[in-house]
Amino acid sequence: MLAFVPAIALSAFWIAGELALVSVALGLPILYLLAGTLKEARAVQKRDIDATTGLPLQNQLETDIEELNAVCRETGRKSALFLIQLEEFEALSQRYGQEAAATLLERLGERFRALVREDDAIYWLGGARFAVLIAPVPHFELEAAIQLASRLQSAAEEPVSVNMQALFLSSAIGFCLSTRSPENTTQSWMKAADTALNEAARNAPSSIRAYSAEMGETSVKREALMREAFFALDNGEIAPWFQPQLSTDTGRVTGFEALARWHHPKRGTVAPSDFLPALQDSGQMERLGEVVLYGALTALKAWDRAGFYVPCVAVNFTAEELRNPKLAEKIRWDLDRFDLAPNRLTIEVLETIVAGSPEDAAARNLAALAKLGCRIDLDDFGTGHASITAIRRFTIERIKIDRSFISRVDKDQEQQRMVSAIQTMAERLGLETLAEGVETAGEHAMLGQLGCAHVQGFAVARPMPFDETLGWLTQHNTKLGALPQIRGGTAI
C-alpha cells in the first residue's frame with residue numbers, strides 16, 4: 001500500500017500542474033482584458049468630459065487639436081474645425097429652466113454625433129457653443145465643409161421636444177479648414193474658426209461663414225477699433241449728437257433724438273456702422289448707453305436754462321440694456337438728479353424687442369418705464385415683426401416709420417399708399433407717427449398731407465453736436481416767428 005503513495009503524490013502534482021497551466025491559460029486573457037478596461041477607464045477619466053452632455057470640453061479640444069495638427073503636418077492630410085453657436089439659448093434657459101436647457105444640449109449633442117464619422121469628435125464648449133473636429137483625411141475641401149456645416153445647422157434648428165414643449169433655436173456656424181489656418185498652432189486655428197463664427201453671428205441668424213485671409217485682416221482691424229472705442233468712451237470722443245424732430249402741423253420742434261457719434265482725433269468722424277459693432281463685440285453697449293443718456297439729459301436741462309423749450313429727448317436702448325434688471329430704477333434716479341419729468345425722456349426700441357416674450361426682462365423694464373411716465377417709441381416700424389397686440393401691450397405712444405417707406409414718397413404712389421395704411425392703423429390704435437429719414441422738402445410736404453404728425457431727417461437738419469443745437473434753435477425759431485400766422489382763414 002505504501003508503494004502507491006509516491007504514485008498518488010506524483011499524480012496529484014501532475015493534476016495540480018495541469019490545473020495551474022489551465023488557470024494561467026485562462027487567466028492571461030482575462031488579465032489582459034482587465035488591463036485594457038482599466039487603461040480605457042483611465043483614458044476616459046483623463047479626458048475632460050461633461051457630465052450632462054457626455055461630450056469632451058474645451059481643454060480636451062485643445063489637446064486633440066495639438067495632436068491632430070501634428071498628424072496633418074506629418075502626413076499631409078486635411079481636417080477642419082467647426083464652431084456652432086446656438087442663438088436664443090440664454091432666453092430659452094431663463095424661460096424654461098436649467099433642466100430643460102441641459103436636456104436640449106444633450107439632444108443636440110446626440111444629433112451632431114449622428115452626423116459625423118466615428119473618428120470625428122464633438123465637444124461642448126460651455127454655454128451655447130459646440131465644436132466639431134474632423135479626423136485627418138486625404139481630401140477635405142471647402143465644398144464638403146459647407147455641406148457638413150449645412151447638415152449641422154439643420155440638426156441644430158430642428159425643434160427639440162422638452163417636457164411636451166417644442167423648443168426652437170437658430171444657429172450660426174463658423175469653420176476653418178486646416179489648410180487655411182494662419183499658422184500651424186492650436187490657438188491660431190481656434191482663433192480663425194472663432195473669427196468665422198463671429199462673422200456668421202454678426203451677419204444674420206442661420207448664417208455660415210468659412211475663414212479666409214481677408215476675414216482675418218478685417219478681424220484684426222475690428223479688434224484695433226474695439227480697443228480704440230473702449231478708450232474713446234472714457235475720454236469723451238464718443239458723445240451724443242442731436243437731430244431735431246418737427247411737427248408737420250406747426251413746424252415747431254417736438255424733440256431731439258440723441259445719436260452716438262465718434263469724432264476721432266486723427267481720422268475725423270467714424271461712421272456708426274463701424275464703431276457700434278466694435279462696441280457690441282466688446283460688450284461696451286451698456287457703457288455707451290450710459291454716456292448717451294447722461295449727455296441727452298444734460299442737453300435737455302441746458303436747453304431749458306437757455307430758454308428753449310424742447311418737449312423731450314429720445315434715446316435708443318438696445319436689447320442688452322433693456323435686460324438690465326436695474327435699468328428702470330437707474331433711469332428714475334437719473335431723472336430725479338436732473339429734476340426732469342419722466343415724460344421728457346423718450347425710450348426708443350426696435351420692433352424685434354417688442355416682438356419678444358412678455359415675460360422677458362426687457363418687456364418688464366419697458367412696462368416699468370411706461371408706468372414711470374417715460375414715452376415709448378417703436379423705431380424702424382415696418383422692418384421687424386411686432387404685432388398689434390405687442391404694440392398695445394408695451395404702451396407704445398408713437399411709431400417711427402422706417403426710411404424705406406419714406407424715400408420718394410412725394411413721387412411714388414405705392415409709397416404713399418403704404419404710409420397712408422400705416423397712418424390709418426396708427427390712428428385707429430391711438431398712436432402718433434414720426435417719419436424718419438426725410439431727405440427732401442417734397443417728402444416733408446407729402447408726409448404732412450398724409451397725416452404724419454412728426455418728421456425727422458436731413459430735410460430738417462443733420463445730427464449736430466450740442467453746441468450747434470443752440471444756434472440752430474435760435475435760427476429755426478426766428479424763421480417760425482417770421483411766417484404769417486393764420487387766423488380765421490386770413491393771413492395777418
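This short talk walks through one helix and then one pair of packed helices.

The model is predicted, so local features are taken where pLDDT is at least 70 and side-chain atom pairs count only at pLDDT 80 or more, while totals for chains, interfaces and linings use all residues. Residues are numbered from 1 along each chain as its sequence is written, and side-chain values use heavy atoms, with hydrogens and water left out.

Let me start with helix 16, where helices are DSSP runs of H or I with at least four residues, and strands are runs of E with at least two, numbered from the N terminus. Its buried residues, meaning those under 20% relative accessible area with a 1.4 Å probe and protein chains only, are Gln415, Gln416, Val419, Ile422, Gln423 and Ala426. They lie on the same side of helix 16, because they cover an arc of only 130 degrees around the axis, the arc being that of the directions from the helix axis to the C-beta atoms. On the face turned away from that buried side we find Gln413 and Arg428, which are exposed, that is, over 50%. Just after helix 16, Gly430 takes a positive phi of about 75 degrees.

Now to the pair: helix 3 (residues 89–96) packs against helix 4 (residues 98–115) at an angle of about 135 degrees, with the axes 6 Å apart. The axes are lines fitted to C-alpha atoms over the stretch in contact, and angles run from 0 to 180 degrees between N-to-C directions. That makes helix 3 oblique to helix 4, since angles under 35 degrees count as roughly parallel, over 145 as roughly antiparallel, 65 to 115 as roughly perpendicular and the rest as oblique. In this contact, meaning heavy atoms within 4.5 Å, helix 3 contributes Phe89, Leu92, Ser93 and Tyr96, and helix 4 contributes Gln98, Ala100, Ala101, Leu104 and Leu105.
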